[in-house]
Amino acid sequence: MSASTIAAVRGYRVWDSRGRPTVEAEVRLVDGSVGHAIAPAGASRGSGEAKDLRDGGLPFGGYDVRDAVDGIDTTIAPSLDGLDATDQAAIDRTLIDLDGTADRSRLGGNAMIAVSMAVAHAAAAHAAMPLWQWLGGSTPPQLPLPEIQIFGGGAHAGRRVDIQDFMVVAVGADDYTEALDWTAEVYRCAGELMANDSRLYGIADEGGWWPAFDTNEDAFAVLVRAIEWAGLIPGDDVAIALDVAASEFGQGGRYRLARDGSDMDSDGLAELLVRWVEQYPIISIEDPLAEDDESGLTKLTRAIGDRVQIVGDDYLVTNAGRITEAAAKGACNTALIKPNQSGTLTETLDALRTAHGAGWGAIVSARSGETEDVTIVHLAVGWNAAQIKVGSFARSERLAKWNEGLRIARCDGGRGRLPPRSAFPWWQK
Ligand code: 2PG
Ligand code: MG
């Protein structure tokens, strides 16, 4: 038995940013090192994601997680007892075998990812290192370029508009600190513009302004004005990124934009997106077509993938095998990386490495249901992901992550070195 041997694993029930129960794991090592981590939760989920274990029934709308927490105490804990926390691959293999299902429905992806991340935290504590450094990050650390929501939409805003995330990326910022400064100004200006127009109705699930727009496209004009009002140049300093989350309003090659009152096929939606790309400074589109529309994704990537980042979320679900297949077909050029979609850190890293190996980009991402847990920031820094997405610039479950990035940057007195331009081949002017 070594000092990094696991001595105890416990599950707890805590609460997420939607006021729903979620799973926290605590891992203790023989030397007294402790790691904690909390599972996030998605609202617009890909059908191929690891399943959260929820109790169902009436309490808390069926979202309770007592079974998942019990599973940590009664099934996971005895199996991890005595394993070495520094061998993340062996820990995760044990979790995967113990669960034994393809969709993680026995233990629950929520229980598995909480334990997997808590083990990593305990191992980093044992090594007396911040997690990003334990995971292999460079020193001084490279911070990921933030993708930050200004307006919410889709499943995160009562489907007030169809598009789910209207985000900005400070492509011209010199460092992470400046990227946050600029985004804070754009966020503030966007709120003022909405207020001036009597359209300020609070915020959506991830802290973005409520999308009180008459059409989906209206949001772009306000975003461009907000960037300008912040004294920045749209496209050069700050560009627009979308998460269309098209699986939420389309399947079988048909799409319905309820806000615009329009029905279209896959080509029709792709044409609309290309028109928006030509008209507005849009540099990244996530899930532009539904997860079942591989041919549409391939066509769109072929059409604009040389100048626009085409991101797979619901379609790829942080799965290395799916990323390999998509890369071979030329569908998408960037993978969204969400640890709880896969269920373990080892599989998450595998997905990220597969994306990098295919010459793709990777964006480490939070979920719409979040907590104060900041693990993903350490993953992005430690694994050298070039980008990160954690929702808006409001609400503490989001700011906890942006602030953790500042803290990591500060550890060497820096402002947060960003990846080199070559990490973003789609945005070379
Ligand atoms: C997404 C995420 C985050 P959710 O679709 O990318 O915005 O949403 O966690 O609801 O899947
Ligand atoms: Mg998405």
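**Magnesium, ligand 1 and some odd backbone spots**

Author: In this predicted model, the magnesium ion (ligand 2) has three protein donors, Asp243 (OD), Glu286 (OE) and Asp313 (OD), at 2.0 to 2.2 Å. Residue numbers run from 1 along each chain as its sequence is written, chains are lettered from A and ligands numbered from 1 in the order in which they are written. Local features need pLDDT of at least 70, side-chain atom pairs count only at pLDDT 80 or more, and totals for chains, interfaces and linings use all residues, while side-chain values use heavy atoms, with hydrogens and water left out.

Reader: What makes Asp243, Glu286 and Asp313 donors of the magnesium ion (ligand 2)?

Author: A donor is an N, O or S atom within 2.8 Å of the metal (3.2 Å for Na, K and Ca). Those three lie 2.0 to 2.2 Å from the magnesium ion, so they pass the 2.8 Å cut-off. Water is not among the atoms, so a site may look incomplete. Along the chain, the donors follow the spacing D-x42-E-x26-D. Asp243 sits in strand β6 (residues 239-243) and Asp313 in the loop between β11 (309-312) and α9 (320-329), so the pair ties together parts 70 residues apart in sequence. Helices here are DSSP runs (H or I, at least four residues), as are strands (E, at least two), numbered from the N terminus.

Reader: Why are Asp243 and Asp313 called buried?

Author: Buried means under 20% relative accessible area, exposed over 50%, and partly exposed in between (1.4 Å probe, protein chains only). Asp243 has 1% and Asp313 has 2%, so both count as buried.

Reader: How do you know that an oxygen atom of ligand 1 makes a polar contact with the side chain of Asp243?

Author: A polar contact is a pair of N or O atoms within 3.5 Å; within protein, one must be able to donate a hydrogen and the other to accept it, and residues adjacent in sequence count only if both atoms are side-chain atoms. The pair with Asp243 is at 3.1 Å, so it qualifies. Oxygen atoms of ligand 1 also come to 2.8 Å from a side-chain N or O atom of Gln164 and to 2.7 Å from one of Glu206. Ligand 1 on its own exposes 310 Å², and the protein buries 99% of that.

Reader: What makes you say ligand 1 lies between domain 1 and domain 2?

Author: Domain 1 (6-128) and domain 2 (145-427) both give residues to its shell, so ligand 1 lies between them. The bounds come from an automatic or database domain assignment.

Reader: Which peptide bond is called cis, and what is its omega?

Author: The bond joining Thr139 and Pro140 is cis, with omega about -5°. Most peptide bonds are trans. Pro140 is in the loop between α4 (131-134) and β4 (145-152).

Reader: What is unusual about phi at Ala128 and Cys332?

Author: Most residues other than glycine have a negative phi. Ala128 has a positive phi near 55°, and Cys332 has one near 80°. Ala128 is in the loop between α3 (109-126) and α4, and Cys332 is in the loop between α9 and β12 (334-337).

Reader: Are Ala128 and Cys332 buried or exposed?

Author: Ala128 has a relative accessible area of 69%, so it is exposed. Cys332 has 4%, so it is buried.

Reader: Why is Glu228 called partly exposed?

Author: Its relative accessible area is 46%, so Glu228 falls in the in-between class. Glu228 belongs to helix α6 (residues 218-229).

How values were computed: Accessible areas come from the Shrake-Rupley method with a 1.4 Å probe; for residues, only the protein chains shown count as cover.
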